[in-house]
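Subject: Handing over the structure

Dear colleague,

I am passing the structure on to you, with notes on what I found in it further down. Please read them with the model open beside you.

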Amino acid sequence: MSLWSFLKRLTELPSRRFGAWQVELTTRCPLRCRMCIRQGLDGWQGQDMAIEQFKRMSPYFRYVDNLVLEGWGEPLLYPHLLDAIHLVKNNGARAGFVTSGKGLTRDYSAALVGAGLDFIGFSLAGATADTHNSIRVHSDYVQLLHAMEDMVAIKRDRKLSRPHLHIVYLMIRDNLQEIPLVLETAKQLGILDVVLINLIHVTTDWQDQQKVFTCEANEDEPIMEAAEALAGGLGIRLRRAALAPQEVAICAENPRDNVYISVSGEVSPCVYLYPPTASSFHRIFCGKRHAQDNVSFGNVFETPLEQIWNTTEYAGFRQLFKQREKTLSRQYGPIPVPPLSDRERHSRPTQKGLPDPPEPCRTCHKMLGV
């Protein structure tokens with residue numbers, strides 16, 4: 001297809017704004033984290049997206065608010081990361097990603113800031129070197145702290161408001177008690193936004209035993225309440241996942257409105273439905289093992305996105321979420337995505353009788369609202 005033909009097809013995309021696209025630049029990663037899906041999946045395919053393919057997609061970015069430049073790999077390993085950020089910015093979207101910080105030097109941080117990076121999250125799995133390094137194998141807790149300090153200093157020295165900095169803390173049994181120390185560390189670093197997330201895609205028995213949330217009632221809620229109180233006292237914005245099932249019409253990934261594009265160009269509703277394996281994968285959902293085929297509705301390197309988006313299959317997938325939202329809103333009124341504030345959602349009674357989500361989502365913990 002000629003470039004002119006490609007650009008002409010863009011006019012066929014319905015007038016809309018996507019809140020976020022997640023674009024996987026690489027599936028390579030220097031870490032061997034114990035909670036990563038690759039610990040339990042065979043046939044991992046390590047590769048980078050060709051920058052020429054990324055350029056071909058870039059005119060679509062005008063329809064997107066936020067481009068999250070990551071998938072199942074470490075974005076800092078992508079050799080054209082700065083070019084990718086420039087392309088996103090030149091097409092009017094915001095660019096960012098979450099990183100392990102492995103190998104992030106002050107010079108590289110300065111280059112990212114100079115490229116116009118809008119947001120960056122730093123992944124922590126502990127508030128001490130022993131805990132973090134034992135979970136995020138091959139990571140260096142001290143080096144990661146220095147990387148965060150460098151980014152804060154660069155912003156301060158240049159008197160910049162961006163990139164927005166936040167810490168992403170994966171909660172598991174081995175690190176749950178360190179949450180207060182994480183908040184205090186964030187305050188000391190000058191990072192006032194902390195996100196507590198769950199281990200969602202479970203592939204090994206160790207991961208299943210380590211996940212903090214449960215598929216029924218949960219006794220760890222007091223820990224969360226104490227963390228919220230501490231964060232408030234420190235002036236930190238704390239966002240956190242639920243620890244017990246909550247009825248949600250649409251999961252936080254919002255596959256009704258957002259798009260995930262794999263390193264090879266496959267268009268999928270979310271990152272959890274297209275890991276870099278041959279064609280299928282497994283996951284442990286509420287203690288039971290399930291097989292699942294990779295879900296793709298087309299390849300954006302081969303087929304225009306508007307054609308993929310409007311296929312009967314993809315439209316039907318999204319329609320099931322719309323039906324769930326309509327049913328839930330009849331009781332609670334209009335429901336935003338994410339549905340409610342954490343406190344409202346965690347205390348809301350469960351609504352029975354919602355239509356089932358799409359089949360591939362029925363064995364994903366995200367549909368439990370955790």
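The notes below go from the overall fold to the core, then to three single residues and the cavities.

Please keep in mind that this is a predicted model, in which local features need pLDDT of at least 70 and side-chain atom pairs count only at pLDDT 80 or more, while totals for chains, interfaces and linings use all residues. Residues are numbered from 1 along each chain as its sequence is written, and side-chain values use heavy atoms, with hydrogens and water left out.

The protein has twelve helices and eleven strands, which are DSSP runs numbered from the N terminus (helices H or I of at least four residues, strands E of at least two). Of its 370 residues, 57% count as buried, where buried means under 20% relative accessible area, exposed over 50% and partly exposed in between, with a 1.4 Å probe and protein chains only. Among contacts (heavy atoms within 4.5 Å) with a separation of 6 or more, 75% are between residues 24 or more positions apart.

The largest nonpolar core, meaning a set of buried Ala, Val, Leu, Ile, Met, Phe, Trp, Tyr and Cys residues joined through side-chain atoms within 4.5 Å, has 113 residues, and those with the most contacts inside it are Trp21, Val23, Phe54 and Leu69. Helix H6 (residues 141-158) gives the largest share of this core, eight residues. Leaving aside neighbours within four places in sequence, Phe54 is in contact with residues including Val23, Leu69 and Val88.

Ala95, in strand E3 (residues 94-99), is buried with a relative accessible area of 0%. Its C-alpha lies 5.0 Å from that of Leu67, although the two are 28 residues apart in sequence. Beyond its neighbours within four places, the contacts of Ala95 include Leu67, Leu69, Val88 and Phe119.

Thr203 is found in the loop between strand E6 (193-197) and helix H8 (205-210), and it is buried, with a relative accessible area of 3%. Its side chain makes polar contacts (N or O atoms within 3.5 Å, one able to donate a hydrogen and the other to accept it within protein, and residues adjacent in sequence counting only if both atoms are side-chain atoms): the backbone oxygen of Ile37 is reached at 3.3 Å and the backbone nitrogen of Gly40 at 3.4 Å. The C-alpha atoms of Thr203 and His282 are separated by 6.6 Å, with their places 79 residues apart along the chain.

Thr131, in helix H5 (residues 129-135), is also buried, at 13% relative accessible area, and a polar contact of 3.0 Å joins its side chain to that of Thr128.

Finally, there are three cavities of 30 Å³ or more. A cavity is a set of points, on a 1 Å grid over the protein atoms alone, where a 1.4 Å probe fits but cannot get out, and lining residues have an atom within 4 Å of a point; points are joined across faces, edges and corners, and a volume is the space filled by probe spheres set on them. The largest cavity holds about 70 Å³, and its lining includes Cys251, Tyr272, Phe317 and Met367. The second largest has a volume of about 40 Å³, with Ile200, Arg283 and His365 among its lining residues.

Best regards

How values were computed: On a 1 Å grid over the protein atoms alone, a cavity is a set of points where a 1.4 Å probe fits but cannot get out, and a pocket is an open set with protein on both sides within 12 Å along at least five of seven lines; lining residues have an atom within 4 Å of a point.
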